[in-house]
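Me: Could you take a close look at one part of this model for me, the aromatic rings and the nonpolar packing around them? I would enjoy one connected account.

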Amino acid sequence: MFAFLNKNNATTAAAVELDPKRIPAHVAIIMDGNGRWAKARHLPRIAGHKEGMNTVKTITIAASDLGVKVLTLYAFSTENWKRPKAEVNYLMQLPVNFFDTFVPDLVKNNVRVQVMGYTDQLPAATQKAVNKAIADTQACDGMVLNFALNYGSRAEMITGIQALAQQVADGHLAVDAIDETAVDQALMTAQLAPYNDPDLLIRTSGEERISNFLLWQIAYSELVFTDVKWPDFSATTLQACIADFQRRDRRFGGLSDQK
């Protein structure tokens, strides 16, 4: 398999072989740059979001073909409600359009849909589309396409802490039994076990911050930032980011065998 040499350039390619045995099991992506992509083309922001959904389709199949087990995409944050109402309404319609056209391809590629976040706060039509996609792909046992939809990591942790506190109050959990495993099980990524934590986190469009995404889960993730805006992010850009990941020496707080 070949990958981009330069993960920051969407047009320059070079042959770089990926190690199929070191493909990250869980890849998480902060899909950024839709609005700036549209602005650069003198288009409305929603044009960027529409093109970004096409990129989701491309990257989903590409990740599945590479052998990724879980692909988590940050689709809508708990803070995104602050955006203009017209833009929010358009973003809420995107999952409806996306799943309506893409679920047959997901089934064909054996990809199962999961969603994490406060989905009960989404519009009824969005909830219906999400639940139908989950049901329609539930028999697939290949890659999991996990959407973070109305998700925020701090809110997730508060909800998890409250659940643990309730178990303690009910006498079902001792305080000293609260360990990393208990916390893992209280978070929204518990449904992704054993791939709860991303091996690789990618953020597009040149921003280098986490933006309240999987704060607990990325403790030892490799972070890759690319200047490529999400609508321009391609299968080869993904391969370039994975090539970057494969060049890293992951020690998880310890020492490598060579040192």
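Reply: Happy to; here is a walk from the aromatic pairs to the cores and then to the sheet.

A word on the ground rules: this is a predicted model, in which local features need pLDDT of at least 70, side-chain atom pairs count only at pLDDT 80 or more, and totals for chains, interfaces and linings use all residues. Residues are numbered from 1 along each chain as its sequence is written, and side-chain values use heavy atoms, with hydrogens and water left out.

Let's begin with the rings. Rings of Phe, Tyr and Trp (its six-membered ring) pair if their centres lie within 6.5 Å; planes under 30 degrees apart are stacked, over 60 edge-to-face, and the rest tilted. The count by this rule is 9 aromatic pairs. In one of them, the centres of Phe 76 and Trp 81 are 4.9 Å apart with the planes at 75°, so this pair is edge-to-face. Buried means under 20% relative accessible area, exposed over 50%, and partly exposed in between (1.4 Å probe, protein chains only). Phe 76 counts as buried because its relative accessibility is 2%, whereas Trp 81, at 34%, counts as partly exposed. Phe 98 and Phe 102 make a tilted pair, 5.1 Å centre to centre with 50° between the planes. Both of these residues are buried, and both lie in helix 3 (residues 85-108), 4 residues apart, about one turn of the helix. Helices (H or I, at least four residues) and strands (E, at least two) are DSSP runs, numbered from the N terminus. Ring pairs also link Phe 98, Phe 99, Phe 102 and Phe 147 into a cluster.

Now the cores: a nonpolar core is a set of buried Ala, Val, Leu, Ile, Met, Phe, Trp, Tyr and Cys residues joined through side-chain atoms within 4.5 Å. The largest has 45 residues, and Ile 29, Leu 71, Ile 202 and Leu 238 have the most contacts inside it. Helix 3 gives the largest share of this core, 9 residues. A second, separate core of 13 residues includes Ile 30, Tyr 118, Phe 213 and Ile 218.

Finally, the sheet. Strands pair if DSSP finds at least two bridges between them; here 6 strands form an open sheet in the order 3-4-2-1-5-6, with parallel pairing. Its edge strands, each pairing on one side only, are strand 3 (112-116) and strand 6 (222-225). Strand 3 is joined by 5 bridges to strand 4 (residues 144-151), where Leu 145 is the bridge partner of Val 113.
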